[in-house]
Amino acid sequence: MVSNKFTLHTENREGQTIVFVGGEFDLEVATQMRAAMEPLIELSDRRLTLNLRDLKYIDSTGIGILISVVKARHARNAPFDVEHVPTHIRKLFDMTGITPFLAKAE
C-alpha cells in the first residue's frame with residue numbers, strides 16, 4: 001500500500017511476516033494500517049515483525065496502533081518484534097515509555 005507519504009508492504013520469510021512501514025504514520029493512514037495489520041495479528045504461529053527503518057514520523061494515533069498490536073499478539077502468545085527503529089522515533093518511544101513493550105515483545 002502506498003500513499004503520497006506513507007508506505008507499507010509485507011514480506012513472508014520462513015515462519016515470519018515482516019511489515020515494512022515508511023513515511024508518516026499518523027491519523028490520516030490509521031485505517032489503512034489497521035486494515036493491513038488485522039489479518040496478520042491473527043497468524044499466531046508466525047513471528048510478526050515491524051521494520052521501521054523508513055519511518056519518518058509517527059503520531060499518537062500510530063503509537064496507539066502499535067500498542068494495540070503488542071496487546072493483541074501478547075494475548076495470543078504470538079511472537080512480535082519491532083526492528084530498525086530510527087533514532088528520532090526511538091527517542092519518542094523512550095519518552096512515551098513504550099520501548100520495553102516493543103523490544104522482542106512476546
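## A tour from helix H1 to the salt bridges

Start by selecting helix H1 and looking at Thr31 and Glu38, which are exposed on the side of H1 away from its buried residues. As you explore, keep in mind that this is a predicted model.

**Stop 1: around helix H1**

Now turn H1 over and pick Ala30, Met33, Ala36, Met37, Leu40 and Ile41, the buried residues of this helix. They span an arc of only 135° around the axis, so they sit on the same side of H1. To find what lies over them, show the neighbours: the cover of these buried residues includes E1, E2, E3 and H2. If you want to check the helix geometry while you are here, place a distance between the first and last C-alpha of H1. For its 12 residues the reach is 16 Å, close to the 16 Å expected at 1.5 Å a residue.

**Stop 2: the sheet**

Next, hide the helices and colour the strands. In what order do the four strands of the open sheet come? Reading across, you should find E1-E2-E3-E4, with mixed pairing. The edges belong to E1 and E4, each of which has a single partner strand, so one side of each has no neighbour in the sheet. Look along the sheet and you will see the twist: on average, neighbouring strands are turned by 20° against each other, ignoring direction.

It helps to take the pairings one at a time. Strands of a sheet pair through backbone hydrogen bonds, and the sense can be parallel or antiparallel.

- Select E1 and E2: these two are antiparallel and share eight bridges. For a single example, pick Phe6 and its bridge partner in E2, Gly23.
- Go to the hairpin of E1 and E2, where two residues lie between the strands. Click on Gly15 there; its phi is positive, near 70°.
- Move on to E2 and E3, which run parallel and are joined by nine bridges. Here Phe25 has Ile58 of E3 as its bridge partner.

Before leaving E2, colour it by accessibility. This strand is mostly covered, with nine of its 10 residues buried. Then bring helix H2 back into view: H2 lies across E2, E3 and E4, and runs at about 170° to E3.

**Stop 3: Asp26 and its surroundings**

Follow the chain out of strand E2 (16–25) and stop at Asp26, in the loop that leads to helix H1 (30–41). Is Asp26 buried or exposed? Its relative accessibility is 9%, so Asp26 counts as buried. Show its contacts and, leaving out residues up to four places away in sequence, you will find Lys5, Tyr57, Asp59 and Thr61.

Keep Lys5 on screen, because its side chain meets that of Asp26 in a salt bridge, 2.8 Å from N to O. Lys5 belongs to the segment before strand E1 (6–13) and Asp26 to the loop between E2 and H1, so the pair ties together parts 21 residues apart in sequence. Unlike the buried Asp26, Lys5 is partly exposed, with a relative accessible area of 27%.

**Stop 4: the other salt bridges**

How many salt bridges does the structure hold? There are six, and two more of them make good stops.

First, select Arg13 and Glu11, which form a salt bridge with their closest N and O atoms 2.7 Å apart. Arg13 is partly exposed at 43% relative accessibility, and Glu11 is also partly exposed, at 30%.

Then go to Arg76 and Glu42, whose side chains meet in a salt bridge of 2.7 Å, N to O. This pair links distant parts of the chain, 34 residues apart: Arg76 is in the loop between helix H2 (60–75) and strand E4 (80–83), while Glu42 is in the loop between H1 and strand E3 (47–58). Partly exposed is the label for Arg76, at 33% relative accessibility, and for Glu42, with a relative accessible area of 47%.

For a final view, select Lys5, Glu24, Asp26 and Glu28 together: salt bridges that share partners join these residues into one network.

Notes: Residues numbered from 1 in each chain as written. Predicted model: local features only at pLDDT ≥ 70, side-chain atom pairs only at ≥ 80, totals over all residues. Heavy atoms only, no water. Buried < 20%, exposed > 50% of the residue type's maximum accessible area, 1.4 Å probe, protein only. Contact = heavy atoms within 4.5 Å. Salt bridge = Lys/Arg side-chain N within 4 Å of Asp/Glu carboxyl O. Pairing = 2+ DSSP bridges. Axes fitted to C-alpha atoms, helices over the stretch in contact; angles between N-to-C directions. Expected span 1.5 Å × (residues − 1). Arc of directions from axis to C-beta.
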